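Me: Please take a close look at a single part of this model and work outwards from it, one residue or element at a time. I would like one connected account, with the cut-off behind each term stated once.

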Amino acid sequence: MRTLFSTADYAPEDSFRFWRETIFDRIVPVELTPTAAHGFAGSLEAAEVGPLLITRVTQSAVTTVATPDTIRRHGKYETLNVAITLKGRVFSAQDDRTAIQNPGDIVVMDRRPAVMGSDGDTQTLFIEMPRACLERALGSTRRFTALTIGADQVGTSMVTTFFQELARTAGQMTPDMANRMASIGVDLVVASIAERLAHEPPRNIQGILIFQRALAHIEANLGDVNLDPTQLAAAVGVSLRHLQTLFREQDRNIADWIWRRRLESAAQRLTDPGFSHLSVGELAYSCGFSTQSHFSRRFKESYGLSPSDYRRAPGIAG
């Protein structure tokens, strides 16, 4: 791995500012707050293997928070981070789930609001990989984000060993070999997550299938202004009461989820040059809002900016 950044190379008064900028660009869009009693110190080592970005982060105690604003400015919606704790203890929270990772443990963090923190020095290996590679095999990342994949699993130890060696030898590989090794690494991560999910308490399989079918119907019909809980229940063939129960079991509310996904879809389209020809009103209607004023109000409540200001803000399209 090559050294990408070290606070030792900068004056103490400047080092954390440059550290924050490098973390934001390289790994994850976050707000960073040092929490160590002593001065902050950190280093980044990096390697690229095919489509994977691998970064080893060694740092003092720090809290990292991914907010809707930082995520929007970063724009890496198609990737996620697999984090392997090598030293220290890390706290993670995302999607209403919290967990602690000790050395050898793995956690997946997606491009949604999240918190990670530590109470001491840590070293973590971050692997940025395409989200689709995991979702094709495992379903929505919301099933396993911020879920500790323990070092006691056979698959977990294999992932840790493989990626540490992969990072060490990255510079010696041909492009074809790098792509092959990256694919193997992704498969190992998928296998480890699947092993961890198999240990979760058994759930009502039929209910899960109905719930997943409802989520798929929402995704396919976000542009339908008439989509609501009653229509959704009819579409998946169950009573509204039963569907509400299934959503509550997943800590979700049907109507809130529909509006959340409409807003997330709209936010992504506002950052996508492929939709730049649409006016804000046209884009709002395509995401299921019946009026531009309703869209603008709800969007600003969620993202802190009007849709037009969000679209024009620096760094959105890039």
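Reply: Two strands are said to pair if DSSP finds at least two bridges between them, and the elements themselves are DSSP runs numbered from the N terminus, with helices (H or I) of at least four residues and strands (E) of at least two. The model is predicted, so local features need pLDDT of at least 70 and side-chain atom pairs count only at pLDDT 80 or more, while totals for chains, interfaces and linings use all residues. Residues are numbered from 1 along each chain as its sequence is written, and side-chain values use heavy atoms, with hydrogens and water left out.

The part chosen here is Asp110 and its surroundings. Asp110 sits in the loop that joins strand E9 (106–109) to strand E10 (114–118). With a relative accessibility of 5%, Asp110 counts as buried, where buried means under 20% relative accessible area, exposed means over 50% and partly exposed lies in between, for a 1.4 Å probe and protein chains only. Leaving aside residues up to four places away in sequence, Asp110 touches Thr79, Leu80, Gln94, Arg131, Thr141 and Thr145, a contact being heavy atoms within 4.5 Å. With one of these residues, Arg131, the side chain of Asp110 makes a side-chain polar contact of 2.7 Å; such a contact is a pair of N or O atoms within 3.5 Å, in which, within protein, one must be able to donate a hydrogen and the other to accept it, and residues adjacent in sequence count only if both atoms are side-chain atoms.

Strand E10, at the far end of that loop, belongs to an open sheet of 5 strands in the order E2-E5-E10-E7-E8, paired antiparallel. Strand E2 (31–34) and strand E8 (97–101) stand at the edges of the sheet with a single partner strand each, so one side of each has no neighbour there. From one strand to the next the twist averages 10°, taken between lines fitted to C-alpha atoms, with angles from 0 to 180 degrees between N-to-C directions. Within this sheet, E10 and strand E7 (residues 90–94) pair in the antiparallel sense over 5 bridges, and Ser92 has Met116 of E10 as its bridge partner.

Arg131 leads into helix H3 (131–138), in which Arg131, Leu134 and Leu138 are buried. These residues cover an arc of only 75° around the axis, which puts them on the same side of H3; the arc is that of the directions from the helix axis to the C-beta atoms. Arg136 and Ala137, by contrast, are exposed on the other side of H3. The buried residues of H3 pack against strand E6 (79–87), strand E11 (122–130) and helix H5. Just after H3, Gly139 takes a positive phi of about 85°.

Strand E11 is itself mostly covered, with 8 of its 9 residues buried. E11 runs antiparallel to E6, to which 8 bridges join it, and Thr79, one of the residues touched by Asp110, has Pro130 of E11 as its bridge partner. E11 also pairs in the antiparallel sense with strand E4 (residues 52–59), over 7 bridges, where Ile54 is matched with Ile127 of E11.

The charged groups extend the picture, for the structure holds 16 salt bridges, each defined as a side-chain nitrogen of Lys or Arg within 4 Å of a carboxyl oxygen of Asp or Glu. Asp110 and Arg131 belong to a network of salt bridges that also includes Asp95, Arg112, Arg142, Glu219, Arg260, Arg261 and Glu264. In the bridge between Arg142 and Glu264, the closest N and O atoms are 3.8 Å apart. This pair links distant parts of the chain, with Arg142 in the loop between H3 and helix H4 (154–169) and Glu264 in helix H9 (residues 254–271), 122 residues apart. Arg142 counts as buried at 13% relative accessibility, whereas Glu264 counts as partly exposed at 22%.

Helix H5, one of the packing partners of H3, offers a local counterpart: Arg180 forms a salt bridge with Asp176, the closest N and O atoms being 3.0 Å apart. Both residues lie in H5 (residues 175–197), 4 residues apart, or about one turn of the helix. Arg180 is exposed, with a relative accessible area of 51%, and Asp176 is partly exposed, with 47%.
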